[in-house]
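Visitor: Please take a close look at one part of this model, the second largest pocket, and then go on to what can be said about a sheet in the same chain.

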Amino acid sequence: MIPSRRTYGLLLLGMAIAVLISLIWNEHRLSASLLTLLIWDGLVLGLAIVDSRRVEKVGVERSPLSRLSIGRDNVVSLSVESGKQPAEIQIYDAYPIEFGVSIMPLEAKLPSNGRQELIYTVHPTSRGEYQWRGIQVRQSSPWRLAWRDWKIPQNQTVAVYPDLIGLRSLSIRLTLQSSGSIRRARRLGIGTEFAELREYGVGDDPRFIDWKATARRGQPLVRVLEPEQEQTLIILLDRGRLMAANVKGLSRFDWGLNATLSLALAGLNRGDRVGVGVFDRQIHTWIPPERGQSHLTHLIERLTPIQPEILEPDYLGAVTTLVNQQSRRALVVLITDIVDTTASAELLAAMGRLTPRYLPFCVTLRDPQVDLQAHTITENIQSTYARAVALDLLAQRQIAFAELKQKGVLVLDAPANQITEQLVDRYLQLKAKNQL
């Protein structure tokens with residue numbers, strides 16, 4: 001039993017009554033006031049104890065938690081059901097202390113025989129398994145003289161995965177595009193597979209007129225070609241030293257892993273064979289190219305436990321292993337970070353080795369804090385020095401990217417927290433233009 005504010009107020013009222021009696025009582029005023037105070041306090045506390053025992057406990061149950069997504073606000077729902085009495089409650093759900101939480105404790109007022117869903121969100125920043133403990137419930141008594149406090153054991157182990165919420169959203173988007181709910185602009189001649197014939201329109205390339213069909217129909221018809229399906233997409237994900245740095249609340253590796261899975265989903269949705277390699281000093285994990293949506297589940301389960309290591313990556317070794325594993329032409333996407341041409345000389349050499357047999361694509365995850373520092377007006381010497389360093393880093397990156405482009409390497413450099421969407425859009429553009 002925990003006394004409520006009302007009970008404390010009544011106890012203070014007893015002290016005021018005792019003081020008043022001491023002022024108006026002539027003889028034995030001290031003993032009279034103390035006796036009055038003891039009787040009053042005993043009565044109030046007794047009523048509070050009796051009132052706390054009259055509490056009809058509410059039922060509280062946490063909805064089963066599915067896999068949580070890293071870097072996202074994941075919804076947790078508690079179902080509360082009252083009995084014959086109205087209920088005023090406070091609930092503390094023992095979520096993992098490593099998580100950020102939207103609100104805690106939760107508060108609610110229920111009518112008799114009422115039911116209510118209480119919702120809060122948790123924000124995990126690391127993958128792995130975490131333990132939910134019991135649910136602590138505090139319920140007000142009918143006269144509001146006390147709180148009844150008890151614990152409901154609902155221990156549960158929950159795994160934190162990469163951004164599954166983002167994957168679901170991307171899957172819906174790709175499905176709508178494929179089904180035609182979102183109008184997709186087909187470009188004539190950009191592709192190798194025949195799709196359909198349609199009437200010639202202003203601006204169409206005359207080279208794609210089908211003269212036989214035109215002769216049969218009696219009006220100009222043009223061929224619509226689609227990009228070739230069932231190509232090969234290989235994703236190499238660096239888990240070395242630079243990928244362990246924290247960017248916008250997550251490690252750079254986690255941003256890269258989210259981008260890897262999203263790109264794999266897009267590739268599988270477009271009919272490509274998708275393979276993934278994770279490397280540091282050597283290839284740590286190699287998943288051969290496969291097609292089909294079931295392959296995405298396999299990728300998620302294999303890649304989720306992997307963590308970055310404080311090791312220098314061996315780009316040449318990773319590319320050599322890939323060349324030995326993959327003989328046919330493929331789009332090779334390497335997700336990493338780059339500092340300058342000197343520190344990234346091995347990366348430049350490795351990506352250059354992939355041309356012209358493969359289509360190499362270097363994706364780098366920039367720290368947006370460096371961008372902010374470089375474009376912030378300075379007011380003192382220390383901040384001016386920091387800005388100069390940031391500007392130099394960005395300039396060195398641009399030199400490295402220029403060298404990559406000279407070697408025929410595609411380049412995408414974007415803030416780590418924005419890389420997923422830009423990478424998927426760039427891949428879809430490559431497919432539409434049939435650059436592979």
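**The second largest pocket**

Guide: In this predicted model, the second largest pocket holds about 390 Å³ of space. Its lining is made up of 19 residues, and those nearest the centre of the pocket are Arg 72, Asp 163, Gly 166, Thr 420 and Glu 421. Three elements give two or more residues to this lining: helix H3 (164–179), helix H5 (252–269) and helix H11 (419–433). Sorted by class, the lining of the pocket has eight nonpolar residues, seven polar ones and four charged ones.

Next, the sheet. Six strands form an open sheet in the order S19-S18-S15-S20-S21-S22, and their pairing is mixed. Strand S19 (283–290) and strand S22 (410–415) stand at the edges; each has a single partner strand, so one side of each is left without a neighbour in the sheet. From one strand to the next, the twist averages 15 degrees.

At the S22 edge, strand S21 (residues 359–366) and S22 run parallel and are joined by six bridges. Within this pair, Phe 361 is found opposite Leu 410 of S22. In general, strands of a sheet pair through backbone hydrogen bonds, in either a parallel or an antiparallel manner.

At the S19 edge, helix H6 (residues 294–303) lies across strand S18 (273–279) and S19. The angle between helix H6 and S19 is about 175 degrees.

Terms used: Residues numbered from 1 in each chain as written. Predicted model: local features only at pLDDT ≥ 70, side-chain atom pairs only at ≥ 80, totals over all residues. Heavy atoms only, no water. Pairing = 2+ DSSP bridges. Helix = DSSP H or I, 4+ residues; strand = E, 2+ residues; numbered from the N terminus. Axes fitted to C-alpha atoms, helices over the stretch in contact; angles between N-to-C directions. Contact = heavy atoms within 4.5 Å. 1 Å grid on protein atoms, 1.4 Å probe; cavity = no way out; pocket = protein on both sides within 12 Å on 5 of 7 lines; lining within 4 Å. Points joined across faces, edges and corners; volume = space filled by probe spheres on them. Nonpolar A, V, L, I, M, F, W, Y, C, P; charged D, E, K, R; others polar.
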